[in-house]
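Work through these exercises with the structure open beside you. Try each task before you read its solution.

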Amino acid sequence: MRLRNLILITVIAPLFLALLIFSLVAIKSLEDNVRNRLEREVQVITNVIGTTLSHALARNATEPLEESLYSAFSFHRIYGAYVFDANGREIYGLGLGQALFSPETIREVAEHGEMRAAYREHDGWHYYSALKPLLSATGEVQGVLQVNRLNTGIENYTGFLSQLALLAFIIGAAGIVLGIWWGFRRHIERPLERLLTVMQRVEAGDRGQRAEAEGPQEYERLAVALNGMLDAMAEKDADIEARRRKEIELEKRLRKSKKLAELGVLAAGVAHEIGAPLTVINGQAQRLSRRETLNDADRARLGRIRSEVERIVEIVRQLMELGRRHNVEKEPLDLTELFGAARELVEEDFEQNAIRLELDLPPSSSPLLANGQQLIQVLTNLLRNAAQVKEVSRVRIRTREKEGWLTLWVEDDGSGIGDKDKSKVFDPFFTTKPVGQGSGLGLSMVHRIINDHGGTVGVFDSELGGAGFEIGLPLNDADEGGTAT
């Protein structure tokens with residue numbers, strides 16, 4: 001059952017019933033009081049003129065009798081007065097209601113010598129009439145006085161008053177019920193419906209819903225409490241989501257570390273097995289290139305053999321480096337000197353390809369604690385990758401410091417990296433370059449070095465139009481590695 005109906009049934013209905021009973025009792029009491037007053041008035045008037053009439057009957061004089069009856073009408077409440085003898089025959093009378101009592105009733109009053117009164121109806125009129133014995137000086141009944149008081153609508157009036165009171169009660173009760181219903185609807189049901197709607201939408205998955213803190217004070221407090229609960233839930237959800245993402249990143253990092261470790265083991269075995277043959281091949285190629293009988297074409301082929309052997313040795317070395325985590329020897333570094341050293345190493349490549357390098361390096365509030373040689377290797381790998389893209393004509397490096405972290409962005413205006421390749425750019429041997437132009441280990445080395453420094457590295461679409469790499473490094477020492485994003 002709805003709360004509104006429950007309140008109407010358990011509170012309002014009993015209250016109205018009690019008020020109705022009280023009203024009916026009050027009206028009945030009023031009606032009884034009016035009747036009693038009417039009866040007392042008739043009885044008093046009857047007793048007053050009865051004495052005078054008794055003396056007039058004793059003298060057997062008509063004129064005093066008439067005067068006494070006329071005097072009864074001076075009260076303006078008597079509408080009929082009659083005198084009967086002891087046998088019920090009319091002696092003299094004035095006004096209305098002569099035939100209200102039968103002669104037998106009048107004789108009974110004379111015989112018993114007691115006053116009698118009753119409500120009577122005659123010719124459509126309602127009367128209250130009293131019969132009083134008229135006694136002589138010796139106590140004998142000489143006749144009977146009948147006094148008639150016309151009921152001027154007292155019964156109808158009290159009945160009408162009851163009906164009017166009942167109608168007023170019904171109208172008032174209906175108005176009160178309507179007012180209660182409207183007030184309940186406006187100030188109770190609607191705020192509850194709004195709160196319920198918010199809860200249903202939250203239950204459906206819309207966690208951004210919030211209740212409006214308006215209406216009665218209780219509902220404002222309830223809405224504020226609900227919003228606080230939803231905010232707390234949102235914070236918990238955000239914390240859970242952050243933990244989930246961190247666990248996913250940790251899992252990715254563990255898988256990558258495991259993969260790199262396996263590659264390191266494989267690279268160590270490969271290096272052990274092919275190291276000696278490669279050395280022999282390189283040595284023999286060098287000895288053959290010294291013969292004077294060789295022409296230039298053969299010497300070029302032997303040089304190509306030696307360069308490819310050196311390339312194989314470098315790839316194996318890089319794989320061995322990827323497969324194990326290093327104990328990074330850190331020292332305070334000046335960022336300006338660090339970027340200057342990296343710039344010198346790639347300056348020739350940039351000049352050959354007409355690439356402009358832009359540096360945006362705000363003054364640093366504290367030195368960076370890191371391994372300078374490794375960070376220079378990171379920067380040169382990223383800058384050389386950009387220089388090897390034909391479309392690149394501009395490269396920008398930016399840094400910002402915030403809350404103990406240094407964030408570094410390396411961006412170019414080239415063709416960028418496709419969305420399907422962004423998740424694989426840090427995987428070993430992944431490259432978008434033609435075969436023979438890249439080993440696919442440069443960005444893997446970048447990831448390993450940044451990871452060893454406890455930082456993070458990720459790829460994004462630069463506003464310059466090409467690829468962008470974001471590197472985060474703790475300014476102070478940290479022993480927890482980051483991950484690629």
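**Exercise 1. Classify Asp298, then find its salt-bridge partner.**

Solution. The model is predicted, so every value here is computed from it.
- Step 1: Take the accessibility. Asp298 has a relative accessible area of 27%. Buried means under 20% and exposed over 50%. Asp298 is therefore partly exposed.
- Step 2: Find the partner. The side chain of Asp298 meets that of Arg301 in a salt bridge, at 2.9 Å from N to O.
- Step 3: Classify the partner. Arg301 has a relative accessible area of 52%, so it is exposed.
- Step 4: Place the pair. Both residues lie in helix H6 (residues 296-322). Arg301 and Asp298 are three residues apart, about one turn of the helix.

**Exercise 2. Stay in helix H6 and describe Glu310.**

Solution.
- Step 1: Locate the residue. Glu310 belongs to helix H6.
- Step 2: Classify it. Its relative accessibility is 47%, so Glu310 counts as partly exposed.
- Step 3: Check a distance. Thr279 is 31 residues from Glu310 along the chain, and their C-alpha atoms are 9.5 Å apart.

**Exercise 3. Analyse the salt bridge between Asp239 and Arg243.**

Solution.
- Step 1: Give the distance. The closest N and O atoms of Asp239 and Arg243 are 3.0 Å apart.
- Step 2: Place the pair. Helix H5 (residues 217-289) holds both residues. They are four residues apart, about one turn of the helix.
- Step 3: Classify each end. Asp239 is partly exposed at 37% relative accessibility. Arg243 is exposed, with 53%.
- Step 4: Set the pair in context. The structure holds 20 salt bridges.

**Exercise 4. Which parts of the chain does the salt bridge of Asp461 and Lys422 tie together?**

Solution.
- Step 1: Confirm the contact. The side chains of Asp461 and Lys422 meet at 2.8 Å, N to O.
- Step 2: Assign the elements. Asp461 lies in strand S11 (residues 456-461) and Lys422 in helix H9 (residues 419-422), so the bridge ties together parts that are 39 residues apart in sequence.
- Step 3: Classify both ends. Asp461 is partly exposed, with a relative accessible area of 47%. Lys422 has 19% relative accessibility, so it counts as buried.
- Step 4: Look for a network. Arg396, Arg398, Glu411 and Glu463 are joined into one by salt bridges that share partners.

**Exercise 5. Lay out the open sheet that contains S10.**

Solution.
- Step 1: Write the order. The five strands run S7-S9-S10-S12-S11, with mixed pairing.
- Step 2: Mark the edges. Strand S7 (356-360) and S11 each have a single partner strand, so one side of each is left without a neighbour in the sheet.
- Step 3: Add the twist. From one strand to the next, it averages 15 degrees.
- Step 4: Add the helix. Helix H10 (residues 442-452) packs on the sheet and touches S11 and S12. The direction of H10 makes about 20 degrees with that of S12.

**Exercise 6. Trace the neighbours of strand S10. Is it largely enclosed or open?**

Solution.
- Step 1: Take one neighbour. Strand S9 (residues 394-402) pairs antiparallel with S10 over eight bridges. Ile397 stands opposite Val410 in S10.
- Step 2: Inspect the turn. S9 and S10 form a hairpin with two residues between them. Glu403 in that turn has a positive phi of about 50 degrees.
- Step 3: Take the other neighbour. Strand S12 (residues 467-474) is joined to S10 by seven bridges and runs antiparallel to it. Leu406 has Leu473 as its bridge partner. Trp405 stands opposite Pro474.
- Step 4: Answer. Seven of the eight residues of S10 (residues 405-412) are buried, so this strand is largely enclosed by the rest of the structure.

**Exercise 7. Repeat the layout for the sheet that contains S1.**

Solution.
- Step 1: Write the order. It is an open sheet of five strands, S2-S1-S5-S4-S3, paired antiparallel.
- Step 2: Mark the edges. Strands S2 (90-95) and S3 (116-122) have a single partner strand each, so each has one side without a neighbour in the sheet.
- Step 3: Add the angle. Neighbouring strands are turned by 20 degrees against each other on average, direction ignored.
- Step 4: Check one pair. Five bridges join strand S1 (residues 80-85) to S2. Gly80 stands opposite Gly95 in S2.

Note on methods: Residues numbered from 1 in each chain as written. Predicted model: local features only at pLDDT ≥ 70, side-chain atom pairs only at ≥ 80, totals over all residues. Heavy atoms only, no water. Buried < 20%, exposed > 50% of the residue type's maximum accessible area, 1.4 Å probe, protein only. Pairing = 2+ DSSP bridges. Salt bridge = Lys/Arg side-chain N within 4 Å of Asp/Glu carboxyl O. Axes fitted to C-alpha atoms, helices over the stretch in contact; angles between N-to-C directions. Contact = heavy atoms within 4.5 Å.
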